[in-house]
Amino acid sequence: FELAQQIEPGNPRAAAGLKRTGGLAPVLPALAAAETALGAGNAARAAELYQQVLEADPQNAAAAEGLKRARGAVSDEAYARQVGDALASLRAGRYDEARQALERARALRPQAAEVAAGFAELASALAGRDLSGARARGSELEAAERWAEALTVYE
């Protein structure tokens with residue numbers, strides 16, 4: 001770029017290229033640190049570092065691609081965490097928490113099979129809970145010899 005400026009002093013591409021290359025030295029360590037963080041599984045930190053590189057050098061293709069990969073990994077981690085939280089809540093009988101976690105997972109991946117399966121399992125658990133409650137209520141009414149009411153509950 002310096003040679004291009006000597007040949008054609010007013011060339012805007014040469015001036016822009018010289019300015020860009022002068023600012024690359026500080027971003028290279030951040031770019032390397034971002035790659036290391038992404039390789040180590042710390043996608044959130046990698047995304048931060050790639051973003052810093054892009055703020056200093058908006059044309060950096062490696063940082064733009066790295067940021068895309070890091071954001072994808074962060075999304076994958078968030079999705080897996082929400083599905084895991086939903087399943088743990090289902091197993092513990094915390095159905096409202098399970099529904100909320102499934103909703104968050106669905107927001108991340110609307111067509112995911114795991115989300116559909118989670119909602120089906122939630123519906124089944126809720127139906128089982130409702131059925132158990134109805135049986136218990138029916139038994140109470142039978143014990144009190146309130147036959148008509150018991151029949152209504154069973155129906």
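Biologist: In this predicted model, which residue with a positive phi follows H7?
Modeller: Look just past the end of helix H7. The residue there has a phi near 55°, a positive value. That residue is glutamate 145.

Biologist: What distance separates the end C-alpha atoms of helix H7, residues 113-143?
Modeller: Start with the expected span. H7 has 31 residues, and at 1.5 Å a residue they should span 45 Å. The model agrees with this: the end C-alpha atoms are 45 Å apart.

Biologist: Which helices are included in what covers the buried residues of H7?
Modeller: First, find the buried residues. Among them are Val115, Phe119, Leu122 and Leu126. Gly138 and Leu141 are buried too. The cover includes helix H5 (61-91), helix H6 (95-108) and helix H8 (147-154).

Biologist: Is glutamine 82 buried or exposed?
Modeller: Glutamine 82 sits in helix H5. Leaving out residues up to four places away in sequence, it touches Ala101, Arg104, Ala105 and Leu108. Its relative accessibility is 12%, and the cut-off for buried is under 20%. So glutamine 82 counts as buried.

Biologist: How many helices does the chain have?
Modeller: Read along the sequence, and the pattern is α-α-α-α-α-α-α-α. There are zero strands. The count of helices is eight.

Biologist: What is the radius of gyration of the chain?
Modeller: For 155 residues, the globule rule gives 15 Å. The chain is well over that, so it is more spread out than a compact globule. Its C-alpha atoms fill a box of roughly 105 × 25 × 20 Å along the principal axes. The radius of gyration is 29 Å.

Key: Residues numbered from 1 in each chain as written. Predicted model: local features only at pLDDT ≥ 70, side-chain atom pairs only at ≥ 80, totals over all residues. Heavy atoms only, no water. Helix = DSSP H or I, 4+ residues; strand = E, 2+ residues; numbered from the N terminus. Expected span 1.5 Å × (residues − 1). Buried < 20%, exposed > 50% of the residue type's maximum accessible area, 1.4 Å probe, protein only. Contact = heavy atoms within 4.5 Å. Rg over C-alpha atoms; globule rule 2.2 N^0.38 Å.
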